[in-house]
Amino acid sequence: MQHIVLSIITMSIVWYAWVNFKKLGRLKAADIDLTDEERQRQQMTYIMRIVACLLSLAILPFLFTVLTDL
């Protein structure tokens with residue numbers, strides 16, 4: 001049961017990272033009316049979300065092990 005919960009959480013984090021990665025790739029074509037500064041700010045937002053997802057994927061097995069061993 002624990003593995004199922006961990007896999008569902010992992011899949012949702014990967015899905016969220018993938019959505020942000022797609023938005024990052026389409027940013028220049030989708031938002032032509034943005035200035036360079038606004039586009040760079042939006043890119044950094046997407047990149048930080050992706051980095052947060054990767055960090056949470058790295059920490060998730062450790063946290064899950066600690067929380068389920070209580």
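Me: A helix is a DSSP run of H or I with at least four residues, and helices are numbered from the N terminus. In which helix is R39 placed?

Reply: This is a predicted model, and R39 is placed in helix α3. That helix runs over residues 36-68.

Me: How many residues does α3 have, and what span should they give?

Reply: The expected span is 1.5 Å times one less than the number of residues. With 33 residues at 1.5 Å a residue, α3 should span 48 Å, and the end C-alpha atoms are 47 Å apart, so the two values agree.

Me: What does the same check give for α1?

Reply: Helix α1 covers residues 2-25. Its 24 residues should span 34 Å, and its end C-alpha atoms are 35 Å apart, which agrees.

Me: Where does α3 bend?

Reply: A bend at a residue is the angle between an axis fitted to the seven residues ending there and one fitted to the seven starting there. In α3 the bend is about 40° and sits at I59. A proline, P61, follows within four residues.

Me: Is R39 buried or exposed?

Reply: Buried means under 20% relative accessible area, and exposed means over 50%. R39 has 12% relative accessibility, so R39 counts as buried. Other buried residues of α3 include Y46, I50, C53, L60 and F64.

Me: What do the buried residues of α3 pack against?

Reply: They pack against α1 and α2, the latter being residues 27-30. From the other side, the buried residues of α1 pack against α3. In α1 the buried residues are I13, A17 and N20.

Me: Which residues is R39 in contact with, leaving aside its neighbours within four places in sequence?

Reply: Contact means heavy atoms within 4.5 Å. On that basis R39 touches L27, K28, D31, I32 and L34.

Me: And which residues is N20 in contact with, neighbours within four places again left aside?

Reply: N20 is in contact with Y46, R49 and I50. N20 belongs to helix α1; its relative accessibility is 2%, which is why N20 counts as buried. Two of its partners, Y46 and I50, are among the buried residues of α3.

Me: How many salt bridges are there?

Reply: Side chains of opposite charge can pair when their charged atoms come close. Here the count is 2. One joins R39 and D36, with the closest N and O atoms 3.4 Å apart. The other joins E37 and R41, with the closest N and O atoms 3.2 Å apart.

Me: How many residues apart are R39 and D36 in helix α3?

Reply: An α-helix has 3.6 residues a turn, so residues three or four places apart point the same way. R39 and D36 are 3 residues apart in α3, and therefore about one helical turn separates them. E37 and R41, also in α3, are 4 residues apart, about one turn of the helix.

Me: Is D36 buried or exposed?

Reply: D36 counts as exposed because its relative accessibility is 63%, while its partner R39 is buried. In the other pair, E37 is exposed at 56% and R41 is partly exposed at 48%.

Me: Which residues make the nonpolar surface patch?

Reply: The patch covers about 1,100 Å² and is made by M44, I47, M48, V51, L55, I59, F62, L63, V66, L67 and L70. One of them, L63, lies in helix α3. L63 has 42% relative accessibility and so counts as partly exposed. I59, where α3 bends, also belongs to the patch.

Me: What separates the C-alpha atoms of V5 and F64?

Reply: The two residues are 59 residues apart along the chain, and their C-alpha atoms are separated by 9.7 Å. V5 is in helix α1 and is partly exposed, with a relative accessible area of 35%. F64 is one of the buried residues of α3.

Terms used:
Residues are numbered from 1 along each chain as its sequence is written. This is a predicted model: local features need pLDDT of at least 70, side-chain atom pairs count only at pLDDT 80 or more; totals for chains, interfaces and linings use all residues. Side-chain values use heavy atoms; hydrogens and water are left out. Patches are made of residues with over 30% relative accessible area and no salt bridge: like charges are joined within 9 Å, nonpolar side chains (Val, Leu, Ile, Met, Phe, Trp, Tyr) within 5 Å. Accessible areas come from the Shrake-Rupley method with a 1.4 Å probe; for residues, only the protein chains shown count as cover. A salt bridge is a side-chain nitrogen of Lys or Arg within 4 Å of a carboxyl oxygen of Asp or Glu. Buried means under 20% relative accessible area, exposed over 50%, partly exposed in between (1.4 Å probe, protein chains only).
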